[in-house]
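Please walk through this model from one loop residue outward, then to the ligand, and finally to the chain as a whole.

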Amino acid sequence: MSTPETFIHRFEPATAPGLPPLLLLHGTGGDENDLLPLGHSVAPGAALLSPRGRTLEAGMPRFFRRLAEGVFDEDDLRRRTHELADFVEQARAEYGLPAPIALGFSNGANIAAAMLLLRPEALSGAVLLRAMSPFVKPPVAALTAKPVLIVSGSFDPIIPEENAARLAATLGGAGAAVEHRSLPTGHGLSQADLGLVRDWFAQRPALAA
Ligand code: MLT
């Protein structure tokens, strides 16, 4: 079992009551500081839990190993997903948090998608920015009504539209309440992403803990 110390992380307690905490998961080469401003901006006042990925690729932190761009080491992904879900469990006990909503970008969105499929109890929902299907053959999961927002870029050179659509179908097929939006942009985040994510949170008072 991991302890919160297993992952270098930042934790910022809630400053407003009744909001679900966010689990912030950075992209390749990022760290625990990257998504804090995004978290503050889309869910002001929510507690923020932001770990740094423990895998290094040419010195760049990631959440799991890949064999090539878009080709994942699925054994490592499974192991790392459980490790991260254990960390979340421990951090919840340590900081007194309900199950968080993951807010992940790219590699961070991919491990969030894997966590939904392998450890659904670890998350109360997820926002997946530039995510792809983490498993070639996804495990069967029960995601009954868990809210999930997927935001893709229709000119993303890393993630084919078909792949993101497959992820939406997998999560929807498992029972999640999936909203999949595609923006006319590439892999990087844009102002339009921010607007979509902010609206998604604003429309979900029922997510409040
Ligand atoms: C991944 O490896 O998770 C995806 O290819 C996205 C990336 O991190 O570049």
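In this predicted model, a convenient place to begin is Arg 65, which sits in the loop that runs between strand β5, residues 60-62, and strand β6, residues 66-68. With a relative accessibility of 40%, Arg 65 is classed as partly exposed, because that class covers the values between the limit for buried residues, under 20%, and the limit for exposed ones, over 50%.

Leaving aside residues up to four places away in sequence, Arg 65 is in contact with Thr 55, Phe 72, Asp 73 and Asp 76. For one of these neighbours the side chains themselves are paired, since a polar contact of 3.1 Å links Arg 65 to Asp 73. A further point of reference is Arg 80, which follows 15 residues later along the chain and whose C-alpha atom is 8.9 Å from that of Arg 65.

Phe 72, one of the residues that Arg 65 touches, also belongs to the set around the ligand, which comprises Thr 28, Arg 62, Phe 64, Arg 66, Gly 70, Phe 72, Ser 106, Asn 107, Asn 110 and Ile 158. Sorted by class, this shell consists of three nonpolar, five polar and two charged residues.

Several members of the shell place polar side-chain atoms opposite oxygen atoms of the ligand. For Thr 28, a polar side-chain atom is 2.6 Å from a ligand oxygen, while for Arg 66 the corresponding separation between a polar side-chain atom and an oxygen of the ligand is 3.1 Å. In the case of Asn 110, an N or O atom of the side chain lies 2.8 Å from an oxygen atom of the ligand. The ligand on its own would expose 260 Å², and the protein buries 96% of that area.

Turning to the chain as a whole, the fold is built with five helices and eleven strands. Its radius of gyration is 15 Å, close to the 17 Å that the globule rule gives for 209 residues, so the chain is as compact as a globular protein of that length. The C-alpha trace extends over about 40 × 35 × 30 Å along its principal axes.

Of the 209 residues, 53% are buried, and the chain exposes about 8,700 Å², of which carbon and sulfur atoms contribute 56%. As for how the chain is connected, when contacts between residues at least 6 apart in sequence are considered, 71% of them join residues at least 24 apart.

How values were computed
Residues numbered from 1 in each chain as written. Predicted model: local features only at pLDDT ≥ 70, side-chain atom pairs only at ≥ 80, totals over all residues. Heavy atoms only, no water. Near = heavy atom within 4 Å. Polar contact = N/O pair within 3.5 Å; in protein donor to acceptor, adjacent residues only side chain to side chain. Areas by Shrake-Rupley, 256 points an atom, 1.4 Å probe, with all protein chains shown as cover. Nonpolar A, V, L, I, M, F, W, Y, C, P; charged D, E, K, R; others polar. Helix = DSSP H or I, 4+ residues; strand = E, 2+ residues; numbered from the N terminus. Buried < 20%, exposed > 50% of the residue type's maximum accessible area, 1.4 Å probe, protein only. Contact = heavy atoms within 4.5 Å. Rg over C-alpha atoms; globule rule 2.2 N^0.38 Å.
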